[in-house]
Structure formats: C-alpha cells, structure tokens
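I opened the notebook today to go through one model slowly, beginning with side-chain exposure and ending with the backbone. The entries below are in the order in which I looked things up.

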Amino acid sequence: MTDLPRLLAEIRGCTVCAEHLPLGPRPVLSTTSSARVAIIGQAPGTAVHASGVPWDDASGDHLREWLGVDRDTFLNPDQFAIVPMGFCYPGKKKGGDAPPRPECAPLWHPRLFKSIPNVSMTLLVGQYAQAFYLGKQRKKTLTETVRAFDSYLPRWFPLPHPSWRSKIWMQKNPWFAADALPALRQRVNLIFANDAKQTLR
C-alpha cells in the first residue's frame, strides 16, 4: 500500500477514545491523494455513524446545496476530501451533539493533510474547525468570521454548520446567500474547471 491508504486504514482502526464514544468507534472520512477541496466539519451524527457515508443526512443535503454540487460529485474522494474534526460520533449533550473528541484532529490531521497535497481550498465548517485552524485569525463570533470569508482566501473558506439552525441564521444574515455562497460556488467551480482543462491538455 502507498502511504495514504496505509494511513486511512490506521485511522479507520483507531480506538484511542473508544471509552468516551457511546456507540463505539467508527471513524468516517473520505479522500484520495488527488482531492482538490477539503471539508473539515464537526463530527458524524447518528445517521452517518450508521451508514458510514460522510454527510449522509439533512445537513449534508444543505451543504451540497451551498456548494452547488450533486451527491456523486460531493462523495467523489478525488474531488472532495471529507475530514471532520472528530472522525467518530461523540454522543449527545444538552441541545445537540457533543463536541468532537479533542484527541482526534491533533493526532491525525497533520499526517493526513501531508498526504493530500493537491488541496487548493479548505472549507472550515463550524466553530471547532475554525478555532483549530484559524486560531487568533478568527473574529469574535462565528458570524463575523464567516462574513470576513474573503480575508481567508484562497486557503480557507469559513462556513457555519449547515444544520437546521443555519436556516434561521441565514434569515438573519442575508449577506451569506447574497455574497458568500456565490463566492464559494465560484471558487469550487474554478478549481474543478482548471483541473478539467489540465486533463484535456
């Protein structure tokens, strides 16, 4: 096996925080070394834990709508690297799912992203990914961070989590649909269009 398949097998066999996982370990991620856009979300929910398919729920449908891509494109690991902050379902807390396990991203992300060097842009979906990767570059709130999306380009594109709550958030922040989503789709389309041109040469 090449380095990346070996690493993916190692991640999928991880049991580091098994004692903290109410449904047991089932790491869910998807990528190849050819992936061009990375998506770093929070952690799988119960539906994703059950199916083993990344973003296999209503939030995933919403995210695909934001991106302007169909399900097959989204789940093509040569195009999208889907790498959550926590690879396993972390359980519940009051008001929703628990945060991703803190052991996961520091343990696996550095090695994993070294193995997918063709990523042109990374979507930071939600507060946990933004805190980990933007650090002091974050604004005071998630809303302010997302609104300043163009200041993080071309490497990062911060997004809210596409849960049902984001629909309420979008009503309060119409600039997201008017400005951020067209810019997001344009960037994604440009990355894949350039790849297509290179392939035809």
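Before anything else I fixed my terms: I call a residue buried under 20% relative accessible area, exposed over 50%, and partly exposed in between. The model is a predicted one. By those limits I had to log phenylalanine 132 as partly exposed, because its relative accessible area is 39%.

Entry on aromatic rings. I counted 10 aromatic pairs. I looked up phenylalanine 132 with tyrosine 133, whose ring centres are 4.9 Å apart and whose planes meet at 70°, so I entered the pair as edge-to-face. I then turned to tryptophan 169 and phenylalanine 176, where the centres are 5.1 Å apart and the planes stand at 75°, so this pair is edge-to-face. Both tryptophan 169 and phenylalanine 176 are buried, and I found them in one aromatic cluster that is formed by Trp66, Trp169, Trp175 and Phe176. I also noted that arginine 64 has its charged end over the ring of phenylalanine 74, at 4.9 Å from the ring centre.

Entry on helix 8. Since Trp169 lies in this helix, I went through residues 165-172 and found that the buried ones are Ser166, Trp169 and Met170. Viewed down the axis of helix 8, these buried residues fall within an arc of 100°, so I recorded them as lining one face of the helix. Lys167, Gln171 and Lys172 are exposed on the other side of helix 8.

Entry on cysteines. How many disulfides does the structure hold? I found 0. For cysteine 14, the closest cysteine sulfur is that of cysteine 17, and I noted no bond there because the 6.2 Å between the two sulfurs is too far; the cut-off I applied is 2.5 Å. Cysteine 104 is likewise in no disulfide, its nearest cysteine sulfur being that of cysteine 17, 6.3 Å away. I logged cysteine 14 as buried because its relative accessibility is 16%, and cysteine 104 as buried because its relative accessible area is 11%.

Entry on the backbone. I kept in mind that most residues other than glycine have a negative phi, and that most peptide bonds are trans. The bond joining leucine 153 and proline 154 is cis, with omega about 5°, and I placed proline 154 in the loop between helix 7 (142-147) and strand 6 (156-159). Tryptophan 55, which is not a glycine, has a positive phi near 55°. I located tryptophan 55 in the loop between helix 2 (46-51) and helix 3 (58-67), and I entered it as buried because its relative accessible area is 10%.

Definitions and conventions
Residues are numbered from 1 along each chain as its sequence is written. This is a predicted model: local features need pLDDT of at least 70, side-chain atom pairs count only at pLDDT 80 or more; totals for chains, interfaces and linings use all residues. Side-chain values use heavy atoms; hydrogens and water are left out. Buried means under 20% relative accessible area, exposed over 50%, partly exposed in between (1.4 Å probe, protein chains only). Helices (H or I, at least four residues) and strands (E, at least two) are DSSP runs, numbered from the N terminus. The arc is that of the directions from the helix axis to the C-beta atoms. Rings of Phe, Tyr and Trp (its six-membered ring) pair if their centres lie within 6.5 Å; planes under 30 degrees apart count as stacked, over 60 as edge-to-face and the rest as tilted. A charge sits over a ring if NZ of Lys or CZ of Arg is within 6 Å of the ring centre and within 35 degrees of the ring normal.
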